[in-house]
Amino acid sequence: IPKKGKFKVLGRFSTEVLKKFYKWDTIPYEKERLWYLFQVEHRYNHSDIYIKHMQPDGQILADCGKAGLNVVCVMNSSHYLGRDELNKHLRLSQEQKIQISTELRKDAVMLKENNALDTGYVYGFDEYSDTSRYKLVADTFNYAKSVVPEFKVAATIFTPPFDDIAQTIDTWIPLLGCDTEIINKAKKKNAELFFYVFGCPKHPFPNGAVIDYPAIDGRIMFWIAAKHGWNGFLHWLVNGWRANCQTDERWPAVNWLPYSDSRYTRRNGEGYLIYPGPDGLPLSSIRFENIRDGIEDW
């Protein structure tokens, strides 16, 4: 199996949560590097799909590329839009275009230096369902593609009709189990198809994010992807430990809370796939190991 595989993962690794858990003002460089490499070695690509800027950069990005990194989320483009734009307008402002283009060009230079320009993805409009604003989605994504055509645009949008965005999105990411017209449209366009899970879907669909389900679920998800010709996976957070950062004491001195925060108390494991080791380094989970095995099966 090649070190740089063909299956792609759009993940999210939060450096802010890492600092909060360990009470670090800044992350020690060597520890930060090992956190990133740990994920790449598990076939898990660890950009942050919810921030404006690409991470990591510099030498850590270069080291991850050598270790097999094949996807980098360069930005969440909708984070450059304010609430007014999402609610009222259908076009980017000139100021927003300047901000987006400046960031994209900077990222393109960095990825090109690492022979990784083709790994760049622009994400945005997370689970967006306001179909009356799909023209704004298209305008934002089309502008990003005009700045750096090599970057693909990906979205977890699956509310029809898709007429305004059908020719814009390169990578469609429906929830596993949403076997709707989005999949047929993507196949007709010969676009990429990923899938995602969080607290849903529930059985009989497999869900490798939730501890309460059989561990084999984390592996079976990727068998389904292989059967149907899907070539990627998205998950919203690999280190969601906010519930375990609410007091001065930290696990293992106190019991681990098996949910990411108070909103998800009925979703054990959803929002994190790795644990914070007492030495400041990552510990894996059974789910994370099965996800890696499933990707390698694929």
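The exercises below, each with a worked solution, concern salt bridges, cysteines and the sheet in a predicted model.

**Exercise 1**

Find how many salt bridges the whole structure holds, and work out which parts of the chain the pair Lys8 and Glu192 ties together.

Solution.
Step 1. The search over the whole structure gives 14 salt bridges.
Step 2. One of the pairs is Lys8 with Glu192, whose side chains meet at 2.8 Å, N to O. A salt bridge requires such a nitrogen and oxygen to be within 4 Å, so the pair qualifies.
Step 3. Locate the partners: Lys8 belongs to strand β1 (residues 8–10), and Glu192 belongs to strand β6 (residues 192–196). The pair therefore ties together parts that lie 184 residues apart in sequence.
Step 4. Check the surroundings. Buried means under 20% relative accessible area. Lys8 has 14% and is buried; Glu192 has 11% and is buried as well.

**Exercise 2**

For the salt bridges Glu30 with Arg33 and Glu103 with Lys106, state the distance between the closest N and O atoms, the helix that holds each pair, and whether each residue is buried or partly exposed.

Solution.
Step 1. In the bridge between Glu30 and Arg33, the closest N and O atoms are 3.0 Å apart.
Step 2. Both residues sit in helix α2 (residues 29–41); they are 3 residues apart, which means a separation of about one helical turn.
Step 3. Glu30 is partly exposed at 41% relative accessibility, and Arg33 is partly exposed at 22%.
Step 4. For Glu103 and Lys106, the closest N and O atoms are 3.4 Å apart.
Step 5. This pair lies in helix α5 (residues 94–113), again with 3 residues and about one helical turn between the partners.
Step 6. Glu103, at 7% relative accessibility, is buried, whereas Lys106, at 45%, is partly exposed.
Step 7. Look for shared partners: salt bridges join Glu30, Arg33 and Asp63 into one network.

**Exercise 3**

Determine how many disulfides the structure has, and give the nearest cysteine sulfur for Cys64 and for Cys178.

Solution.
Step 1. The search of the whole structure finds 0 disulfides.
Step 2. For Cys64, the nearest cysteine sulfur is that of Cys73, 15 Å away. The cut-off for a disulfide is 2.5 Å, so Cys64 is in none.
Step 3. Cys64 is buried, with 0% relative accessibility.
Step 4. For Cys178, the nearest cysteine sulfur belongs to Cys200, at 9.2 Å, and Cys178 is in no disulfide.
Step 5. Cys178 is buried too, with a relative accessible area of 18%.

**Exercise 4**

Give the strand order of the sheet, identify its edge strands, and describe how β1 meets β7 and how α5 packs.

Solution.
Step 1. The sheet is open and has 7 strands, ordered β1-β7-β6-β5-β4-β3-β2, with parallel pairing.
Step 2. The edge strands are β1 and β2 (72–76), since each of them pairs on one side only.
Step 3. Strand β1 is joined to strand β7 (residues 232–234) by 3 bridges, and the two run parallel.
Step 4. Within this pairing, Leu10 stands opposite Leu234 in β7.
Step 5. Helix α5 packs on the sheet and touches β2 and β3 (120–123). The direction of α5 makes about 170° with that of β2.
Step 6. Return to Exercise 1: Lys8 is in β1 and Glu192 is in β6. In the strand order, β7 stands between β1 and β6.

Key:
Residues numbered from 1 in each chain as written. Predicted model: local features only at pLDDT ≥ 70, side-chain atom pairs only at ≥ 80, totals over all residues. Heavy atoms only, no water. Helix = DSSP H or I, 4+ residues; strand = E, 2+ residues; numbered from the N terminus. Buried < 20%, exposed > 50% of the residue type's maximum accessible area, 1.4 Å probe, protein only. Pairing = 2+ DSSP bridges. Contact = heavy atoms within 4.5 Å. Axes fitted to C-alpha atoms, helices over the stretch in contact; angles between N-to-C directions.
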